[in-house]
Amino acid sequence: MTTVSSSRARLGAVSLALSGILFVLYPLLRPFSNEASLQGAAAFASTAWILAHLLAVVGFIFVALGLLGLSSTLQHTAARRLASLALVLTWIGVGLILPYYGAEMFGLRALGQEALRQHSSALLSLVDTIRLGPGAIVFVLGLLLLAVGAILVAIAVWRSGTLSRWSGIPFALGFVLYLPQFFGTQPIRVAHGLLVALGCIWVAVSLVTGQNPRSQRLRRQTPESGKHMADKDAHQISV
């Protein structure tokens, strides 16, 4: 069981680290332009538009996988329930977020291509119809669930006693600010991506370097006068 937990922790760490990188690449590669003009249509129709949003989609998936590893790591700590709840909320949130990214990737791409074909920006008046329709409500709900899940992650990491306490703070802050950052310019969005990356990678490093909770409890419970017995128990556990 310890081996399985360690494997999940490592896979979770790799997933979180990769997601952090992808959340930086997303705003870096995403074309920013006047979306009411043919320049905006060209941006929608570009390969960079598809690639950037696809990286964001994979980033969200890796976050969900990463928190599975975190939850598994914290199952023998006082924070296990919080970690499990954070995992469930994050999975639901990501599930609600991804359809909106699909509309951004493929819906706006088709719109941009048609606007370029007609050489008219009139079709771009439909951009807000796509973005602000019923799908936006689902998207916002997903982001709110993701934010709550990230906050619970930070609390669980803080209470675990096995991971770096502060590692969960930038992670939570990054996802709490995920909705507001959409209203910023590209530099602001890139800076936000760096914040998310910091949080994801810090939690990932903490997962890899964190001590085994069971061994930590044994060390806390072992008095100095029983050092010989503690050494014997430790030897038995490691076999």
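In this tour, a residue is called buried when its relative accessible area is under 20%. The structure on display is a predicted model.

**First stop: an aromatic pair.** Select Phe44 and Trp49, both of which are buried. The model holds 14 aromatic pairs by the ring-centre rule. In the pair formed by Phe44 and Trp49, the ring centres are 4.9 Å apart and the planes meet at 75°, so the arrangement is edge-to-face; the cut-off for that class is an angle over 60 degrees.

**Second stop: an aromatic cluster.** Next, select Phe23, Tyr26, Phe60, Tyr100, Tyr101, Phe139, Phe171, Phe175, Tyr178 and Phe182 together; these residues form one aromatic cluster. Keep Phe23, Tyr26 and Tyr178 highlighted, as they belong to this cluster and also appear in the lining of the largest cavity.

**Third stop: the cavity.** How many cavities of 30 Å³ or more are there? The count is one. The largest cavity has a volume of about 50 Å³. To display its lining, add Pro27, Gln181, Arg189, His192 and Gly193 to Phe23, Tyr26 and Tyr178. Helix H1 (2-29) and helix H8 (186-209) are the elements that each contribute two or more residues to this lining. Colouring the lining of the largest cavity by residue class shows four nonpolar residues, three polar residues and one charged residue. Arginine counts as charged, and Arg189 is among the lining residues.

**Last stop: a charge over a ring.** Finally, select Arg30 and Phe32. Arg30 lies over the face of the Phe32 ring, at 4.4 Å from the ring centre.

Technical notes: Residues numbered from 1 in each chain as written. Predicted model: local features only at pLDDT ≥ 70, side-chain atom pairs only at ≥ 80, totals over all residues. Heavy atoms only, no water. Phe/Tyr/Trp six-rings, centres within 6.5 Å; stacked < 30°, edge-to-face > 60°. Buried < 20%, exposed > 50% of the residue type's maximum accessible area, 1.4 Å probe, protein only. Lys NZ or Arg CZ within 6 Å of the ring centre and 35° of its normal. 1 Å grid on protein atoms, 1.4 Å probe; cavity = no way out; pocket = protein on both sides within 12 Å on 5 of 7 lines; lining within 4 Å. Points joined across faces, edges and corners; volume = space filled by probe spheres on them. Helix = DSSP H or I, 4+ residues; strand = E, 2+ residues; numbered from the N terminus.
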